[in-house]
Amino acid sequence: MKIDKCGWSGGLKSIKGNHHNFYTAISKDVTYKELKNLLNSKNIMLIDVREAWEILEYGKIPGSINIPLDEVGEALQMNPRDFKEKYNEVKPSKSDN
């Protein structure tokens, strides 16, 4: 399993937003146990980029926030109030893991 700061695996990628490009970090392989420990420690915000139907079909990753991949760029540009309203989570800051 690979994770990185923006929930995207596979190296450095550009996610184009309306006014900004967001760049993901180089991914790092983590084990299930390492991910579980990170989620329990609250040291990361895991963004699950699957579509809503995939979450319904295969289940939610406990402790993750679901933002479908085609919404990530726009979601990260939302104001915190709108983000909270739409995703029911606090908007991550640029410094969050």
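Biologist: Where is the place of Lys84 in this model?

Modeller: The model is a predicted one, and in it Lys84 has its place in helix H4.

Biologist: Why is Lys84 called partly exposed?

Modeller: The relative accessibility of Lys84 is 40%, and since buried means under 20% and exposed means over 50%, the value falls in between, so Lys84 counts as partly exposed. Leaving out residues up to four places away in sequence, Lys84 touches Glu89 and Val90.

Biologist: How do you know how much confidence to place in helix H4, and in the protein chain around it?

Modeller: The mean pLDDT of the protein chain is 78, with 72% of its residues reaching 70 or more. Confidence is highest in H4, at 96, and lowest in strand S2 (residues 14-16), at a mean of 45. Over residues 1-23 the pLDDT is below 50, although this stretch has 64 contacts in the model beyond near neighbours in sequence.

Biologist: What makes up the pattern of the protein chain, read along the sequence?

Modeller: The pattern is β-β-β-β-α-β-α-β-α-α, from four helices and six strands.

Biologist: What makes Phe83 and Tyr87 an aromatic pair, and why is the pair called tilted?

Modeller: Their ring centres are 5.0 Å apart, and because the limit for a pair is 6.5 Å, the two rings qualify. The planes stand at 45 degrees; stacked would need under 30 degrees and edge-to-face over 60, so tilted is the class that remains for Phe83 and Tyr87. By this rule the count comes to one aromatic pair. Phe83 and Tyr87 both lie in helix H4 (residues 80-87), four residues apart, which is about one turn of the helix, and both are buried.

Biologist: What makes a set of residues a nonpolar core, and which residues belong to the largest one?

Modeller: The members must be buried residues of the nonpolar kinds, joined through side-chain atoms within 4.5 Å. The largest such core has nine residues, namely Ile47, Ile65, Ile67, Val72, Ala75, Leu76, Met78, Phe83 and Tyr87. Helix H3 (72-75) and H4 each supply at least two residues of this core. A second, separate core has five residues, among them Val30, Leu35, Ile44 and Leu46. In soluble globular proteins, nonpolar side chains tend to be buried together.

Biologist: Which residues is Met78 in contact with, leaving aside its neighbours within four places in sequence?

Modeller: Met78 is in contact with Phe83, Lys86, Tyr87 and Lys91. Of these partners, Phe83 and Tyr87 are listed in the largest core with Met78.

Biologist: How do you know that Arg50 and Asp48 form a salt bridge?

Modeller: The N to O value for the side chains of Arg50 and Asp48 is 2.6 Å, and because the criterion asks for a nitrogen within 4 Å of a carboxyl oxygen, the pair meets it. Side chains of opposite charge can pair when their charged atoms come close.

Biologist: Is Asp48 buried or exposed, and what surrounds it?

Modeller: Asp48, whose place is in strand S5 (residues 46-48), has a relative accessible area of 6%; the cut-off for buried is under 20%, and therefore Asp48 is buried. Asp48 touches Ile55, Ile61, Ser64, Ile65, Asn66 and Ile67, not counting residues up to four places away in sequence.

Biologist: What does the salt bridge between Lys86 and Glu71 tie together?

Modeller: The closest N and O atoms of Lys86 and Glu71 are 3.6 Å apart, which is within the 4 Å limit. Lys86 lies in helix H4 and Glu71 in the loop between strand S6 (64-66) and H3, so the pair ties together parts that are 15 residues apart in sequence. Lys86, at 46%, and Glu71, at 25%, each count as partly exposed, because both values fall between 20% and 50%.

Biologist: Why do Asp82 and Arg81 count as a salt bridge, and how are the two residues classed by accessibility?

Modeller: Their side chains meet at 3.9 Å, N to O, so the pair satisfies the 4 Å limit. Asp82 is partly exposed at 30% relative accessibility, whereas Arg81 has a relative accessible area of 59% and, because that is over 50%, is exposed. A search of the whole structure finds three salt bridges.

Conventions: Residues are numbered from 1 along each chain as its sequence is written. This is a predicted model: local features need pLDDT of at least 70, side-chain atom pairs count only at pLDDT 80 or more; totals for chains, interfaces and linings use all residues. Side-chain values use heavy atoms; hydrogens and water are left out. Buried means under 20% relative accessible area, exposed over 50%, partly exposed in between (1.4 Å probe, protein chains only). Contact means heavy atoms within 4.5 Å. Rings of Phe, Tyr and Trp (its six-membered ring) pair if their centres lie within 6.5 Å; planes under 30 degrees apart count as stacked, over 60 as edge-to-face and the rest as tilted. pLDDT is the predictor's confidence in each residue, from 0 to 100.
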